Amino acid sequence: MPKIKKKQESSSSGSDSGPDDRNQPASKKAKESPAPAVAAKKPASGGVGDGEATTWTLERMRQVRINEFRGRKMVDIREFYEKNGETLPGKKGICLSILQWKKLLEHADEITKAVEN
């Protein structure tokens, strides 16, 4: 494809700011932040599968939860934090598929022995 060269006009000003007819970038509009969704707090059931979110507290703000992601059940081991009186999941954590969770449990005795030595 042939390149089209524009004829440069001479400018009487000594400025290096570029052509004056250059398109100015569109002004950025401030994002409208939607009202924060209030997440329903589900009570910790201590491991009883009663249809609600099952949560176990390991220590203070570290919890194990059973979540569903894209139709798959996952074991989520995560640190949580409080914001505006609401407990929210943090970045630190791991989400294991049921297959990975079962594999971890298979190695639990070996891992325990290695930790104790």
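Start by selecting D76 and R78: the two form a salt bridge, with their closest N and O atoms 3.0 Å apart. Keep in mind as you go that this is a predicted model. Buried or exposed, what is D76? Buried: its relative accessible area is 8%, and the cut-off for that label is under 20%. Colour R78 the same way, because at 14% relative accessibility R78 counts as buried too.

Now pick R62 and look at what surrounds its side chain. Which residue has its closest N and O atoms 2.8 Å from those of R62? That is E79, and the pair makes a salt bridge. E79 sits in strand β3 while R62 sits in strand β2, so this contact ties together parts that are 17 residues apart in sequence. Add E59 to the selection: E59 also forms a salt bridge with R62, here with the closest N and O atoms 3.3 Å apart. Show E59, R62 and E79 together and you have a network of salt bridges. Each of the three gets the label partly exposed: E59 has a relative accessible area of 47%, R62 comes in at 38%, and E79 at 25%. With D76 and R78 from the opening stop, the count of salt bridges comes to three.

Time to switch to cartoon. The chain has two helices and four strands, and if you follow it along the sequence you pass through the pattern β-β-β-β-α-α. Select the strands and you'll see an open sheet in the order β1-β2-β3-β4, with antiparallel pairing. Which strands stand at the edges? They are β1 (55–59) and β4 (86–97); each has a single partner strand, so one side of each is left without a neighbour in the sheet. Turn the sheet to look across its strands: neighbouring ones are turned by 35° against each other on average, ignoring direction.

Zoom in on the β1 and β2 end. These two strands pair in the antiparallel sense over four bridges, and W56 stands opposite V64 in β2. Their hairpin has two residues between the strands, and R60 is the one to click for its backbone: it takes a positive phi near 40°.

Move along to the next pair. Strand β2 (residues 62–69) and strand β3 (residues 72–83) are antiparallel as well, over eight bridges. Click N67 and then find M74, its bridge partner in β3. From here, bring in helix α1 (residues 98–106), which packs on the sheet and touches β3 and β4. Sight down β4 and compare: the direction of α1 makes about 75° with that of β4.

Next, go on to helix α2 (residues 108–116), where you'll find I111. Show I111 as a surface along with L104 and V115; the three make a nonpolar surface patch of about 270 Å². I111 counts as partly exposed, because its relative accessibility is 41%.

Finish by zooming out to the whole chain with the surface on. It exposes about 11500 Å², with carbon and sulfur atoms supplying 52% of that. Of its 117 residues, 11% count as buried, D76 and R78 having that label as well. Turn to contacts between residues at least 6 apart in sequence, and 10% of them join residues at least 24 apart.

Key:
Residues numbered from 1 in each chain as written. Predicted model: local features only at pLDDT ≥ 70, side-chain atom pairs only at ≥ 80, totals over all residues. Heavy atoms only, no water. Patch = residues over 30% accessible without salt bridge, like charges linked within 9 Å, V, L, I, M, F, W, Y side chains within 5 Å. Areas by Shrake-Rupley, 256 points an atom, 1.4 Å probe, with all protein chains shown as cover. Salt bridge = Lys/Arg side-chain N within 4 Å of Asp/Glu carboxyl O. Buried < 20%, exposed > 50% of the residue type's maximum accessible area, 1.4 Å probe, protein only. Pairing = 2+ DSSP bridges. Axes fitted to C-alpha atoms, helices over the stretch in contact; angles between N-to-C directions. Contact = heavy atoms within 4.5 Å.
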